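Student: I should like to go through this model strand by strand and core by core. May we begin once it is displayed?

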Amino acid sequence: METMRYQENRKSYKGIIIGFFLFVIIGGTLIYLGIKEEGEPTVIGGNVNDEVNSLVDTEKVNSNIEVASLVVNVTDKIIKDSENKKLIGNMTLPQISVASEELKEINDEIYNNYYERFSNLKSSMEKAENKFNFNVSYENYDNVQSGRRILSIVVRQEIVDASSKKKTNENVTTYNIDVAKKEAVKLNEILLLYYGADYKAIAKNKIKDYLVSNKMIKEEEFTYAITGLENFYIKDSKVHMIFNSEEIVNSKYGIIDITI
């Protein structure tokens, strides 16, 4: 009897598997390309960048409104002292407050600076031949720049011969206050705010031009460098730097006020 041979033909799944993987790869690639080519979202009635810029501008405006709304009061503190007949004191000093809060540290600094100076002179002039007046006055300027509000106080002190009415001494000291922070600000910070990264070169050239054009110094002799400790104030959005006569030029020129 012949042996019967039986061979089982099994169905192959290799083609199905390959097709599945091709489908996954091709489909994934199409999805990736579709996402990559998709345009930026469009806002009906406007551009996205315009909306962002508008938001930034609104925040800046709100900031300016907020800082401008702070109530600043500068009142007079009047001191008259005639105890020593050789030196009479007539001082009008500023008392500063922001949003009903007294800036005590700054107020005390101004008071101590001038009253101590007067007191020291008063005791040393008891035997002076002439009579003198020790006068102090001040001006204040309020400015807003790039959302920052700066209050500048310029205090002027002079000693005047009572008979001849001539000044024998003159001094100017300034105080600059960030209203929102209620604290003093430095010259370098303000110059950077108003004139940008090149503020040192800009200020130096302005100072040189002023001195040379007014024949106070020769251009080749000018070697001044800004220290950041100079007296300054802001008026009508312009920074002014003040120099006493002995700091740059001959004393005959007195106080020098240079607009940067």
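Student: How many bridges join strand 9 to strand 10?
Tutor: This is a predicted model, in which local features need pLDDT of at least 70, side-chain atom pairs count only at pLDDT 80 or more, and totals for chains, interfaces and linings use all residues. Residues are numbered from 1 along each chain as its sequence is written, and side-chain values use heavy atoms, with hydrogens and water left out. Strands (E, at least two residues) and helices (H or I, at least four) are DSSP runs numbered from the N terminus, and two strands pair if DSSP finds at least two bridges between them. Strand 9 and strand 10 (residues 256-259) run antiparallel, and the number of bridges joining them is four.

Student: In strand 10, which residue is the bridge partner of Phe243?
Tutor: Phe243 belongs to strand 9 (residues 238-243). Its bridge partner in strand 10 is Ile256.

Student: What joins strand 8 to strand 9, and which residue in the turn has a positive phi?
Tutor: Strand 8 (residues 231-235) runs antiparallel to strand 9, with five bridges between them. Tyr233 has His240 as its bridge partner, and Ile234 stands opposite Val239. The two strands form a hairpin with two residues between them, and the turn residue with a positive phi, of about 55 degrees, is Asp236.

Student: What is the order of the strands in this open sheet?
Tutor: The sheet has three strands with antiparallel pairing, in the order 8-9-10. Strand 8 and strand 10 each have a single partner strand, so one side of each is left without a neighbour in the sheet. From one strand to the next, the twist averages 25 degrees.

Student: Why is strand 9 described as largely enclosed?
Tutor: Buried means under 20% relative accessible area, exposed over 50%, and partly exposed in between (1.4 Å probe, protein chains only). Strand 9 is largely enclosed by the rest of the structure because, of its six residues, the number buried is five.

Student: Which helix packs on the sheet by touching strand 8 and strand 9?
Tutor: Contact means heavy atoms within 4.5 Å. Axes are lines fitted to C-alpha atoms, for helices over the stretch in contact, and angles run from 0 to 180 degrees between N-to-C directions. Helix 5 (residues 199-213) lies across strand 9 and strand 10, at about 125 degrees to strand 10. The helix that touches strand 8 and strand 9, at about 145 degrees to strand 9, is helix 4 (residues 187-195).

Student: At what angle do helix 4 and helix 5 pack?
Tutor: Their axes are 9 Å apart. The two helices are roughly perpendicular, a term that covers angles of 65 to 115 degrees. The contact is made by Asn188, Leu191, Leu192 and Tyr195 of helix 4 with Tyr199, Ile202 and Ala203 of helix 5. The packing angle is about 95 degrees.

Student: Which strand gives the most residues to the largest nonpolar core?
Tutor: A nonpolar core is a set of buried Ala, Val, Leu, Ile, Met, Phe, Trp, Tyr and Cys residues joined through side-chain atoms within 4.5 Å. Of the 24 residues in the largest one, Ile96, Ile110 and Val155 touch the most other members. With five residues, the strand giving the most is strand 2.

Student: Is Ser163 buried or exposed?
Tutor: Ser163 lies in the loop between strand 5 and strand 6. Its C-alpha atom is separated by 7.7 Å from that of Asn130, 33 residues apart along the chain. At 66% relative accessibility, Ser163 counts as exposed.

How values were computed: Angles under 35 degrees count as roughly parallel, over 145 as roughly antiparallel, 65 to 115 as roughly perpendicular and the rest as oblique.
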